[in-house]
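Biologist: Please take me through one strand in the interior and the elements packed around it. Then follow the chain outwards from there, and finish with any unusual backbone.

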Amino acid sequence: MKPPSSFCLLLAPLALLVVVVLVLPSLRPPQVVSDWSGGGVLCAHNAITNAAAASPQDEPQQISLLIGVLTMPNRRERRDILRLAYALQPRATGARVDVRFVFCNVTDPVDAALVAVEARRHGDILVLNCTENMNDGKTHAYLSAVPRLFASDPYGYVMKADDDTYLRVAALAEELRGKPRADVYLGRGFPVGDDPMPFMHGMGYVVSWDIAEWVSGNAEILRSNDTHGHEDRLLGKWLNAAGKGRNRYDLKPRMYDLHWDVDGFRPDTVAVHRLKDNRRWAAAFRYFNVTAGIKPSDLYHLP
């Protein structure tokens, strides 16, 4: 028997990724909701299809939030850290919060095979039809795709977050509670001149569902080739030009960058940014008592 060619072997992981990420979800539309059993924020794995049956009768679902963490295929360790970080957080009361990791097209065969395994195991992968980038249209592709991909079960709010940002999801949900459900633009306001917040810092910002729909349907953004440049400033530019995002909320100082000497955490944190290595993630976990619930055991000895 003639052995398969090296070209076929290279294509196999890519084909697997297409099947796992694109074909399987189409057979069963994504209907992911928060873990009402008392666990942490859901990264889409244990999805259930009947939120009303799963949620307590005295806890009506009030808000829903999709958090898209923009990352790259080779940052697998970072994704695992984030999955643990959110799984161990207390759930956001009265909220549906889902986390998905967002890539552009995965072209490397090794990355494709490993991302396909993640997609099968965790169900929290979203692959966009674009070339991988940071400031060359990826955020536009994400905001444009979400209203179409989740049209059957829309969220109230959509968030874009960096993969070096640690969100305290319950605190963020409380900030959203009571806010308008339309024309919302929330994050860490970035001042320019006399304008206190013409745009929200790219560490993480939230827009209401109607804003995502508007971005998705606004052909002028692509016609004018206005997707190249700092993605956070561009979103602010689009919204300002169209008179959108009039309900703006600056969460500074509760959203902030971590100091280089790894101090300056705040007890009322909503989001802390620039956790670019494991030492910083460990400092965040210690400060926010993520490891406080570990049980004594003869099987491990941790300081």
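Modeller: Two strands count as paired when DSSP finds at least two bridges between them. That cut-off matters for E6 and E9, which are joined by two bridges and run antiparallel. The model is predicted, so side-chain atom pairs are counted only at pLDDT 80 or more.

Start with strand E6, residues 184-187. What lies on either side of E6? Val-184 and Leu-186 point one way, while Tyr-185 and Gly-187 point the other. In a regular strand, side chains alternate between the two faces of the sheet. Here both sets are buried.

E6 also has a partner in strand E10, residues 247-250. Four bridges join E6 to E10, and this pair runs parallel. Leu-186 has Tyr-249 of E10 as its bridge partner. In the antiparallel pairing, Tyr-185 stands opposite Val-207 of E9.

Just ahead of the strand sits Asp-183, in the loop between helix H6 (169-176) and E6. Its backbone is worth a check. Phi of Asp-183 is positive, about 60°, yet the residue is not a glycine. Is Asp-183 buried or exposed? Asp-183 has a relative accessible area of 10%, which is under the 20% cut-off, so it counts as buried.

Now move to helix H7, residues 209-217. E6 is one of the elements that cover the buried residues of H7. The cover also includes helix H5 (138-149), strand E4 (157-162), strand E9 (204-208), helix H8 (219-223) and helix H9 (231-242). Beneath that cover, the buried residues of H7 are Trp-209, Ile-211, Ala-212, Trp-214 and Val-215.

H9 deserves a closer look. The axes of H7 and H9 come within 12 Å and cross at roughly 90°. Angles of 65 to 115 degrees count as roughly perpendicular, so H7 is roughly perpendicular to H9. H7 brings Ile-211, Trp-214 and Val-215 to this contact. H9 brings Leu-235, Trp-238, Leu-239 and Ala-242. By class, that gives seven nonpolar residues, no polar and no charged. In soluble globular proteins, nonpolar side chains tend to be buried together.

Two of the residues already named also belong to a nonpolar core. Val-207 and Leu-235 are among the members of a core of 31 residues, as are Val-102 and Ile-221. That core is separate from the largest one, which has 50 residues.

In the largest core, Leu-65, Ile-67 and Tyr-166 touch the most other members. Take Tyr-166. Beyond four places in sequence, its contacts include Ala-85, Trp-281 and Phe-285. Those three residues also take part in the contact of helix H3 with helix H10. Other contacts of Tyr-166 include Tyr-86, Gln-89, Val-270, Leu-275 and Val-290.

The axes of H3 (residues 76-87) and H10 (residues 278-287) come within 12 Å and cross at roughly 5°. That makes H3 roughly parallel to H10. From H3 come Glu-77, Arg-78, Ile-81, Leu-82 and Ala-85. From H10 come Asn-278, Trp-281 and Phe-285. This contact divides into five nonpolar, one polar and two charged residues, whereas the contact of H7 with H9 has no polar and no charged residues.

Residue 166 also begins strand E5 (166-167), an edge strand. E5 belongs to an open sheet of three strands in the order E5-E12-E11, with mixed pairing. Strand E11 (255-257) is the other edge strand. E11 pairs with strand E12 (residues 271-273) in the parallel sense, over three bridges. Within that pair, Asp-257 stands opposite His-273 of E12. Tyr-166 touches Ala-271 and Val-272 as well.

Two more backbone points remain. Pro-253 lies in the loop between E10 and E11. The peptide bond from Lys-252 to Pro-253 is cis, with omega near 10°. In the segment after H10 there is Asn-289. Phi of Asn-289 is near 60°, again positive in a residue other than glycine. Asn-289 is exposed, with a relative accessible area of 53%, while Asp-183 is buried at 10%.

As for the whole chain, its secondary structure comes to 10 helices and 12 strands. Of its 303 residues, 48% count as buried. Among contacts with a separation of 6 or more, 72% are between residues 24 or more positions apart.

Key: Residues numbered from 1 in each chain as written. Predicted model: local features only at pLDDT ≥ 70, side-chain atom pairs only at ≥ 80, totals over all residues. Heavy atoms only, no water. Axes fitted to C-alpha atoms, helices over the stretch in contact; angles between N-to-C directions. Parallel < 35°, antiparallel > 145°, perpendicular 65-115°, else oblique. Contact = heavy atoms within 4.5 Å. Nonpolar A, V, L, I, M, F, W, Y, C, P; charged D, E, K, R; others polar. Core = buried A, V, L, I, M, F, W, Y, C linked by side-chain atoms within 4.5 Å. Buried < 20%, exposed > 50% of the residue type's maximum accessible area, 1.4 Å probe, protein only.
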